[in-house]
Amino acid sequence: MQERDTFTISDLASDFDITLRTIRFYEEQGLIEPQREGRQRIFNRRDRARLKLILRGKRIGLSLSEIREILDLYELARDEASQSLKLLQLLSDRKQQLEEQRRDIDAVLSEIDMLEQHCRTVIDQMTDKPVHAG
DNA sequence: GTTCTTACA
DNA sequence: TGTAAGCA
C-alpha cells in the first residue's frame with residue numbers, strides 16, 4: 001500500500017490545481033528540476049514537496065527568485081536552521097513592503113477625502129445647496 | 001490522447 | 001501565464 005513515488009506533470013497539475021504551463025514555467029525558472037525519461041518529465045516526491053513549498057511562498061507574496069533562494073538552501077546545506085533564517089528575512093522584507101503599501105494607500109485615501117471636501121465646498125458656494133453624499 | 005518545445009500575446 | 005503550432 002505504498003504511495004506512488006513518481007508523477008506525471010498532469011498528476012501534479014491536478015493535485016495542486018495549477019496548469020501544466022505553470023509547472024513548466026517553474027522548472028524554467030529553476031525552482032524545480034524533474035527527472036527526464038527522454039523528453040518526458042518524471043516528478044518524484046521531492047519535486048512534489050518543492051512544488052507545494054513554491055505555491056505556499058507564492059501565496060505569501062514571495063517572488064519566485066526569493067522562493068528559489070529558500071529552496072536552494074534546503075537542497076544544498078540541508079540546513080533547516082539557515083533555511084528558516086532566510087525565510088525569516090524574506091518574511092520581514094515582505095511585511096515591510098506591505099506596510100509601505102498601506103502607508104501609500106492611506107495617503108491617497110487622505111488626499112481623496114480632502115479633494116472631496118473641496119468639491120463639496122465649491123458646489124455649495126455655486127448652488128447654495130449643501131451636497132453631502134457621504 | 002498526452003507531453004514537449006518554441007514563440008507570441 | 002495562456003494559447004497555438006508542429007512533433008513524438
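**View 1. Residues around DNA strand B in a predicted model.** Thr-8, Ile-9, Ser-10, Leu-20, Arg-24, Arg-39, Gln-40 and Arg-41 surround DNA strand B. The model shown here is predicted. Three elements each give two or more residues to this surface: α1 (9–16), α2 (20–28) and β3 (40–44). Sorted by class, the surface near DNA strand B holds two nonpolar, three polar and three charged residues.

**View 2. Residues around DNA strand C.** Here the surroundings are Thr-19, Arg-21, Thr-22 and Phe-25. The surface near DNA strand C counts one nonpolar residue, two polar residues and one charged residue.

**View 3. Helix α3 crosses helix α4.** Helix α3 covers residues 45–60, and helix α4 covers residues 64–76. Their axes come within 10 Å of each other. The crossing angle is roughly 140 degrees. Because of that angle, α3 is oblique to α4. The crossing of α3 past α4 is right-handed. On the α3 side, the contact is made by Arg-50, Leu-53, Ile-54, Gly-57 and Lys-58. On the α4 side, Ile-67, Ile-70 and Leu-71 take part. By class, the contact of α3 with α4 has five nonpolar residues, one polar and two charged.

**View 4. Helix α4 packs against helix α5.** Helix α5 spans residues 80–127. The axes of α4 and α5 come within 9 Å and cross at roughly 170 degrees. How are α4 and α5 oriented to each other, roughly parallel or roughly antiparallel? The two helices are roughly antiparallel, because angles over 145 degrees count as such. α4 passes α5 in a crossing that is right-handed. From α4, the residues that meet α5 are Glu-66, Glu-69, Ile-70, Leu-73 and Tyr-74. Their partners in α5 are Ser-82, Gln-83, Lys-86, Leu-87 and Leu-90. The contact of α4 with α5 divides into five nonpolar, two polar and three charged residues. Ile-70 of α4 appears in the contact with α3 and also in the contact with α5.

**View 5. The span listed as a coiled-coil region.** An unreviewed UniProt entry lists residues 81–118 as "coiled-coil region". In the model, residues 81–118 are 100% helix and 0% strand. How far apart are the end C-alpha atoms of this span? The end C-alpha atoms of residues 81–118 lie 56 Å apart.

Notes:
Residues numbered from 1 in each chain as written. Chains lettered and ligands numbered in written order. Predicted model: local features only at pLDDT ≥ 70, side-chain atom pairs only at ≥ 80, totals over all residues. Near = placed C-beta within 6 Å. Nonpolar A, V, L, I, M, F, W, Y, C, P; charged D, E, K, R; others polar. UniProt positions renumbered as here; feature names shortened; annotations may be inferred. Helix = DSSP H or I, 4+ residues; strand = E, 2+ residues; numbered from the N terminus. Axes fitted to C-alpha atoms, helices over the stretch in contact; angles between N-to-C directions. Parallel < 35°, antiparallel > 145°, perpendicular 65-115°, else oblique. Left-handed = near helix turned anticlockwise from the far one by under 90°. Contact = placed C-beta atoms within 7 Å.
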